[in-house]
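Q: Please take a close look at one part of this structure: the salt bridges. Work through them one by one, then set them against their surroundings.

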Amino acid sequence: RRANLDFRFFHGRGGTVGRGGGRASRAILSQPPGSFTGRIRFTEQGEVVSFRYSLRPMAHRHLEQIVNSVMLAAAADMPGLNLPLKGTGGETAASPRRRAELTAFRRVMAEMAAHSRNVYRALIYDDPEFWRFYTQATPIAHISRLPITSRPAMRSGEALNALDDLRAIPWVFAWVQCRYVVPGWYGMGSGFEEYARRSPENLAMLQRMYREWPFFKTVVDNAQLELVRTHLPTARLYASLVHPARLRNKFHKALVEEYKRTCHWVLQVTGQKELLENAPVVQRTVALRNPAILPLNRLQVALMDLWMRENQAELGSESPWYDAVLLSITGVAAGMQSTG
């Protein structure tokens, strides 16, 4: 503003929370005070285009929510307007007290994020056995063969060989299929727990951040959605494909423990009795879809098992189960309403 320069936010949105998804309206309203000019540009993942814009009433409602949020966010940042912020008792973004609060909030967030990142990397990057678990417990080998993307699953274009070479979309896609949905929540519970247990006042601080800081609330609520979409009994079926059993039990146990930890602390921070209590329509939608998707997941696990046996005989794409596995992936993606 001092240099008289104008700019526009460009938000490349993914379908899942693990790739930048979530509620667009909340994302707009959670941007830092003073940073939004009222101009924004979106790219939407292909699957999201059909979900949000194929029916006129849904497209109208979605665009209405975005326009409403853009107007509110831009108005709050207009010089001299100083609109009060929701949940702050009349405080505005420009008030000295509010700026000091946000500074404290960001410090807490940075501390938790650092611990959460370490927990996430300890599982996925630092354990040399993780890649073996991931490639057996998810349909990533089949997703990498789907002709539905503009780029290969691996950056090198070669066969599956290392985590660092795997692109983001198939990485998230595989976790959604097997119902672990790891990128949407893993590490958050450890971050909350490590901070909250330092002092009795720290949990109250997190609860206050959830009430008064739109960015933090958006992150937590997005994680709630992914926690509800996670279905560990189904994930256990996929883990049964992993050999040896020691490897299967090791990683499934770690994922279950962090899942329970994250659910516990999310409820503590939000003050809810159950996940997505603050979004009952979404909660009911996920509950409605789960029973319909379970048979598809069971079928996919059985097909993956058959394909593995055929693949050991070096039939590869000539296996009679190959096309069936790909069709099961399409079915689960439609039921979950997301790929990567």
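A: Start with glutamate 64, which is partly exposed because its relative accessibility is 39%, between the 20% and 50% limits. The model is predicted, and what follows is computed from it.

Glutamate 64 has a charged partner. The residue forms a salt bridge with arginine 61, and their closest N and O atoms are 3.0 Å apart. Arginine 61 is partly exposed too, at a relative accessible area of 48%. Both residues belong to helix H3, which spans residues 56-76. They sit three residues apart, about one turn of the helix. An α-helix has 3.6 residues a turn, so residues three or four places apart point the same way.

A second bridge lies within a helix. Here the side chains of glutamate 111 and arginine 107 meet, at 3.1 Å from N to O. The helix is H4, residues 96-124. Because glutamate 111 and arginine 107 are four residues apart in H4, about one helical turn separates them. Glutamate 111 has a relative accessible area of 26%, so this residue counts as partly exposed. Arginine 107 is also partly exposed, at 45%.

Now a bridge across the chain. Glutamate 129 and arginine 246 meet through their side chains, at 2.6 Å from N to O. This pair links distant parts of the chain, 117 residues apart. Glutamate 129 lies in the loop between H4 and H5, while arginine 246 lies in helix H12, residues 245-270. How does exposure divide between the two partners? Glutamate 129 is buried: its relative accessible area is 19%, and the limit for buried is under 20%. Arginine 246 is partly exposed, at 46%.

Some bridges share partners. Such bridges join Arg97, Glu101, Arg208 and Glu212 into one network. In total, the structure holds 15 salt bridges. Side chains of opposite charge can pair when their charged atoms come close.

Follow the chain on from the loop of glutamate 129 to helix H5. This helix covers residues 130-137. Six of its eight residues are buried, so H5 is largely enclosed by the rest of the structure. The buried six are Phe130, Trp131, Phe133, Tyr134, Gln136 and Ala137.

Aromatic rings come next. The whole structure has 18 aromatic pairs. In one of them, tyrosine 134 pairs with tryptophan 171, in a tilted arrangement. The ring centres are 4.9 Å apart, and the planes make an angle of 40°. Tyrosine 134 is in H5, tryptophan 171 is in helix H7 (residues 168-177), and 37 residues separate them. The pair thus links distant parts of the chain. Both tyrosine 134 and tryptophan 171 are buried.

The ring pairs extend further. They link Phe130, Trp131, Phe133, Tyr134, Trp171, Trp175, Tyr180 and Phe251 into a cluster. A charged side chain also meets a ring elsewhere. Arginine 121 lies over the face of tyrosine 125, at 4.3 Å from the ring centre.

Buried polar and sulfur-bearing residues deserve a look as well. Asparagine 297 sits in helix H13, residues 280-312. At 0% relative accessibility, asparagine 297 counts as buried. What does asparagine 297 touch, beyond residues up to four places away in sequence? The contacts are Gln177, Arg179, Thr234, Tyr238 and Val332.

Two cysteines are buried: cysteine 178 at 0% relative accessibility, and cysteine 263 at a relative accessible area of 12%. A search of the whole structure finds zero disulfides.

Last, the wider frame. The protein contains 14 helices and two strands. Of its 340 residues, 47% are buried. Take the contacts between residues at least 6 apart in sequence: 74% of them join residues at least 24 apart. The bridge from glutamate 129 to arginine 246 spans 117 residues. The accessible surface comes to about 17700 Å², and carbon and sulfur atoms account for 56% of this area.

To recap the three bridges: glutamate 64 and arginine 61 pair within H3, glutamate 111 and arginine 107 are a turn apart in H4, and glutamate 129 reaches from a loop to arginine 246 in H12.

Note on methods:
Residues numbered from 1 in each chain as written. Predicted model: local features only at pLDDT ≥ 70, side-chain atom pairs only at ≥ 80, totals over all residues. Heavy atoms only, no water. Buried < 20%, exposed > 50% of the residue type's maximum accessible area, 1.4 Å probe, protein only. Contact = heavy atoms within 4.5 Å. Areas by Shrake-Rupley, 256 points an atom, 1.4 Å probe, with all protein chains shown as cover. Phe/Tyr/Trp six-rings, centres within 6.5 Å; stacked < 30°, edge-to-face > 60°. Lys NZ or Arg CZ within 6 Å of the ring centre and 35° of its normal. Disulfide = S-S within 2.5 Å. Salt bridge = Lys/Arg side-chain N within 4 Å of Asp/Glu carboxyl O.
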